[in-house]
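Thanks for coming, everyone. I'll put one structure up and walk you through it. Please have a look before I start.

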Amino acid sequence: MNLILFGAPGSGKGTQSDLLVKKLGMIQLSTGDLFRNAIKNKTKLGIEAQTYMDEGQLVPDSIVINMVEEMLLTGVSNFILDGFPRTLAQAESLEELVLRLKINISKAIFLDVPSEVLLGRLTGRRVCTKCGAVYHIESKQSKVEDVCDSCGAELIQRNDDKQGVIQARLDAYQNFTSPLKEFYKKSGRYIEVNGNRNTEEVYQEIEKIVK
Ligand code: AP5
């Protein structure tokens with residue numbers, strides 16, 4: 001099954017995608033991760049994307065859509081789209097793309113988390129500089145402070161998780177991404193999951209939907 005996982009920044013898209021990858025062998029297609037890798041490798045795409053990301057703005061649709069088209073053209077299947085689409089223009093382009101490539105995306109799962117909870121999740125998140133593993137200073141601590149359990153590299157705060165940038169990301173979500181709920185309701189693929197529970201409970205519900 002191919003699915004879209006969407007929700008506000010910090011709603012748990014990455015955490016849940018990671019579990020679907022580990023437990024069900026699905027493939028995570030995260031536009032945010034692709035941009036972060038491009039920035040790390042100082043590619044043209046990374047240089048273009050960095051200014052927008054550092055300010056908490058969305059990367060322009062044309063850049064993102066081309067990137068997703070390239071991924072889907074590889075023939076990937078059993079995937080989770082994490083962080084895409086994020087605007088109506090992206091959602092419409094995706095419809096056109098999947099039709100052309102004869103890909104079926106049967107569900108669009110929305111992770112519902114109240115905004116006051118999102119703030120705490122984002123400010124407390126720490127990520128591994130090497131393998132990208134995600135932690136939280138309260139809900140998912142590493143065994144040794146600021147050291148990744150999986151690979152031993154340093155844990156840091158994402159640039160866009162700094163207090164000043166978070167509000168811009170939440171505004172971008174409110175203005176551009178939240179209208180996608182109506183879009184997917186109309187297409188009959190919308191499923192809402194309460195993301196304000198512990199990670200395992202949220203996962204169990206998503207797994208049921210996927211299976
Ligand atoms: P992206 O990386 O996609 O960021 P995001 O959507 O803001 O989502 P996050 O990664 O912040 O959160 P998440 O929902 O994955 O939460 P997580 O699981 O980590 O995009 C970054 C930027 O790239 C964008 O701002 C934009 O500039 C650009 N971009 C990307 N895609 C784009 C697109 N399509 N169009 C245009 N621009 C695009 O969890 C967060 C924290 O909470 C973690 O610490 C975790 O441990 C904790 N946590 C998770 N679940 C739970 C739980 N159930 N209970 C308690 N804690 C939990």
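How many helices and strands does the secondary structure of the protein come to? Nine helices and eight strands. One caution before we go on: this is a predicted model.

Let's take the overall build. The protein has 211 residues. A compact globule with that many residues would have a radius of gyration near 17 Å, and the protein has 16 Å, so the two agree. Along the principal axes, the C-alpha atoms fill a box of roughly 50 × 40 × 30 Å. Of the 211 residues, 45% count as buried. The protein exposes about 10,900 Å². Carbon and sulfur atoms supply 51% of that area. Now the contacts. Take those between residues at least 6 apart in sequence: 71% of them join residues at least 24 apart.

Next, the ligand. How many residues surround it? The count is 35. The closest are T15, Q57, R86, R125 and R169. By class, the shell has eleven nonpolar, 15 polar and nine charged residues.

Three side chains deserve a look here. A polar side-chain atom of R125 sits 2.6 Å from an oxygen atom of the ligand. K13 also places a polar side-chain atom by a ligand oxygen, at 2.9 Å. For S139, the partner is a nitrogen atom of the ligand, 3.3 Å from an N or O atom in the serine side chain. How much of the ligand does the protein bury? Taken alone, the ligand exposes 1,000 Å², and the protein buries 95% of that.

Which elements give two or more residues to the shell? They are α1, residues 13-24; α2, residues 31-40; α6, residues 115-124; and β6, residues 134-136. The most comes from α2, with four residues.

Stay with α6 for a moment. Its buried residues are L118, L122 and G124. The cover over them includes β5, residues 125-128, along with β6 and α7.

That brings us to α7, and to R169. This arginine is placed in helix α7, which spans residues 163-177. Is R169 buried or exposed? R169 is buried, because its relative accessible area is 11%, and the cut-off for buried is under 20%. The R169 side chain reaches the backbone oxygen of D160 at 2.7 Å. Leave out residues up to four places away in sequence, and R169 touches P9, G56, L122, R125, R158, D160 and D161. Note L122 in that list: we just met L122 among the buried residues of α6. And R169 is one of the residues closest to the ligand.

Now D161. This aspartate lies in the loop between β7, residues 155-156, and α7. The relative accessible area of D161 is 0%, so D161 is buried. Which side chain does the side chain of D161 make a polar contact with? The partner is R125, at 2.8 Å. So much for that pair; recall that R125 also has a polar side-chain atom 2.6 Å from a ligand oxygen. Setting aside neighbours within four places in sequence, D161 is in contact with L122, T123, R125, I166 and R169.

A few backbone points to finish. First up is P85. The peptide bond from F84 to P85 is cis, with omega near 0 degrees. P85 is in the loop between β3, residues 79-82, and α5, residues 88-101. P85 counts as buried because its relative accessibility is 2%. Apart from neighbours within four places in sequence, its contacts are I4, Q90, A91, L94, L180 and Y184.

Then two residues with positive phi. K42 has phi near 50 degrees, and K42 is not a glycine. K42 is in the loop between α2 and α3, residues 44-54. At 67% relative accessibility, K42 counts as exposed. D146 has a positive phi too, about 65 degrees, and again is not a glycine. D146 is found in the loop between β6 and β7. Its relative accessible area is 37%, so D146 is partly exposed.

That's the tour. Happy to go back to any part of it.

Notes. Residues numbered from 1 in each chain as written. Predicted model: local features only at pLDDT ≥ 70, side-chain atom pairs only at ≥ 80, totals over all residues. Heavy atoms only, no water. Near = heavy atom within 4 Å. Polar contact = N/O pair within 3.5 Å; in protein donor to acceptor, adjacent residues only side chain to side chain. Areas by Shrake-Rupley, 256 points an atom, 1.4 Å probe, with all protein chains shown as cover. Nonpolar A, V, L, I, M, F, W, Y, C, P; charged D, E, K, R; others polar. Rg over C-alpha atoms; globule rule 2.2 N^0.38 Å. Buried < 20%, exposed > 50% of the residue type's maximum accessible area, 1.4 Å probe, protein only. Contact = heavy atoms within 4.5 Å.
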